[in-house]
Amino acid sequence: MLLKNVVILKPGFLEPRDIRIDGKIIAEIGQNLRPEQNEEVIDFKGSKCVSVGFVNTHTHSPMSLLRAFAEDLPFNKWLFEKILPAEARLTPEAVYFGAIVSMMEMAAHGVVAFCDMYFHMDAVARAVADFGMKAVLTRGLVDKDGDDNGRLQEALELYEKWHGFDDRIFVGLGPHAPYTCSRSYLRKILDVAKVNDMLVTMHFFENSWERERYTPQEIMSIGFDQVHFIPVHCVHLDSDELKLLSSSYPSINVVSNMKLGNGVPPVTKMLKEGLKLTIGTDGPSSNNSINPLFDIRVLILTQKMSNPENVKVTEAYAMLTKHGYEALRLNGGEITPGMPADLIFIDLFNPQLQPTNRVLENLIHTFDGRVFATMINGRFVYYDGRFPTVDAQEVLKKFTTFSLMVTGTES
Ligand code: NI
């Protein structure tokens, strides 16, 4: 496929270029490239800017089914009284459609890959396979009743079945949190991660009360510093504890933290410490949108309110792209020949992006996030308001039925 006359979001690339895609890969970038025989050609005539896609490093994709179901509640009530009882009613089919609807929202907002933690993960994997997105999938692991009821075994079965599928689906391990997993269970999970070289992600100091029960040193020393680790939230950490995360990829979920009353992570201090921060939206029932550009905007504002020099545009863009790829251990994160064709197309005629010579600044500080098209491994999953890989009407019909089944008529 030959994409003609697109403006590549890259320093020194203000003039339109042509991009040749060969299968899943960016094959060539140049000017006046000639179509080869039988090659599909799309000429964007300079109307679209192309960026590498965004990575959402933490969500619970099926929770779109529970969006707006538990509003205006303190965290403990939100989780234990509303969300968990509703989740007990979820079926694999419901989870499948919840994941698809979340991927529709993410794709329309430029997301090409995400890291998920939930249950009925085989259904999520089927949804990701069908939709065409990239994902690292983790079965949420909990043993707070002294038994994990086969969850770790399920995670390994998921790994055997799906890890490496179509160069898009990868399986990691997702211990839920230090307050829902015993220390011996965490040790066991980390041993399994080391043996299989699996990525590990866990909610990490999201709540202030966690500090009364354990310290970051205690948790990290279980072995989280010896695996590829995405600690999620990292809100309640002291300055001298940040270096504990120097080899990990913190997922910052600032909108969820603010909405659930958990505070704001110390992002500026983390950046000064040299941490490779990434952006997570958290689940659709605690944000409630899963548009990383909205999260990055809020994150920047929370840091600039005390000092406008905090969080540069280039740092924000790296969180959305390059660091996200590294966090999920995906090849890519830049527009260069040989890299996977994970591209998002943004309409340059959008008034929010004017003047277009400062398109990166406008993308980060102004753009509402709705892209024109999203391509993953050379295939469009979103194009001009349509979702070529799914029957959107049918999906939304089923989704609504399942959402009502789970949440009932409760408001
Ligand atoms: Ni979460």
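**Exercise 1. Cysteines**

How many disulfides does a search of the whole structure find?

*Solution.* Start with the source. This is a predicted model, in which local features need pLDDT of at least 70, side-chain atom pairs count only at pLDDT 80 or more, and totals for chains, interfaces and linings use all residues. Residues are numbered from 1 along each chain as its sequence is written, and side-chain values use heavy atoms, with hydrogens and water left out.

Next, the criterion: a disulfide is a pair of cysteine sulfur atoms within 2.5 Å. The search of the whole structure finds zero. Now check Cys 115. Its closest cysteine sulfur, in Cys 234, is 13 Å away, too far for a bond. Then check burial (buried is under 20% relative accessible area, exposed over 50%, partly exposed in between; 1.4 Å probe, protein chains only). Cys 115 is buried at 1% relative accessibility. Cys 234 is buried at 0%.

**Exercise 2. A buried acid**

Work out what surrounds Asp 148.

*Solution.* Locate Asp 148 first. Asp 148 sits in the loop between strand 8 (134-141) and helix 4 (151-162). Helices (H or I, at least four residues) and strands (E, at least two) are DSSP runs, numbered from the N terminus.

Look for a charge partner. A salt bridge needs a side-chain nitrogen of Lys or Arg within 4 Å of a carboxyl oxygen of Asp or Glu. Lys and Arg count as positive, Asp and Glu as negative; His and the chain ends are not counted. Asp 148 is buried without a salt bridge, and Arg 151, the nearest side chain of opposite charge, is 6.0 Å away.

Look for polar partners. A polar contact is a pair of N or O atoms within 3.5 Å; within protein, one must be able to donate a hydrogen and the other to accept it, and residues adjacent in sequence count only if both atoms are side-chain atoms. The Asp 148 side chain makes such a contact with the side chain of Tyr 185, at 2.6 Å. The Asp 148 side chain also reaches the backbone nitrogen of Leu 152, at 2.8 Å.

**Exercise 3. Two enclosed helices**

Compare burial in helix 3 and helix 11.

*Solution.* Take helix 3 (residues 121-131). Eight of its eleven residues are buried, so helix 3 is largely enclosed by the rest of the structure. Among them are Met 121, Val 124 and Phe 131. The packing partners of these buried residues include helix 2 (92-108), strand 7 (111-118) and strand 16 (379-383). Gly 132 follows helix 3, with a positive phi near 105°.

Now helix 11 (residues 313-320). Six of its eight residues are buried, so helix 11 is also largely enclosed. Tyr 317 and Met 319 are among the buried ones.

**Exercise 4. Salt bridges**

Which parts does the Arg 211 and Glu 241 pair tie together?

*Solution.* Begin with the total: the whole structure holds 21 salt bridges. In one of them, Arg 211 meets Glu 241 at 2.7 Å, N to O. Arg 211 is in helix 6 (residues 210-213) and Glu 241 in the loop between strand 11 (229-233) and strand 12 (251-252), so the pair joins parts 30 residues apart in sequence. Arg 211 is partly exposed at 30%, while Glu 241 is buried at 5%.

Turn to a pair within a helix. Glu 326 and Lys 322 meet at 3.1 Å, N to O. They are four residues apart in helix 12 (residues 322-327), about one helical turn. An α-helix has 3.6 residues a turn, so residues three or four places apart point the same way.

Finish with a network. Salt bridges link Arg 20, Glu 28, Glu 36 and Glu 39.

Definitions and conventions. Contact = heavy atoms within 4.5 Å.
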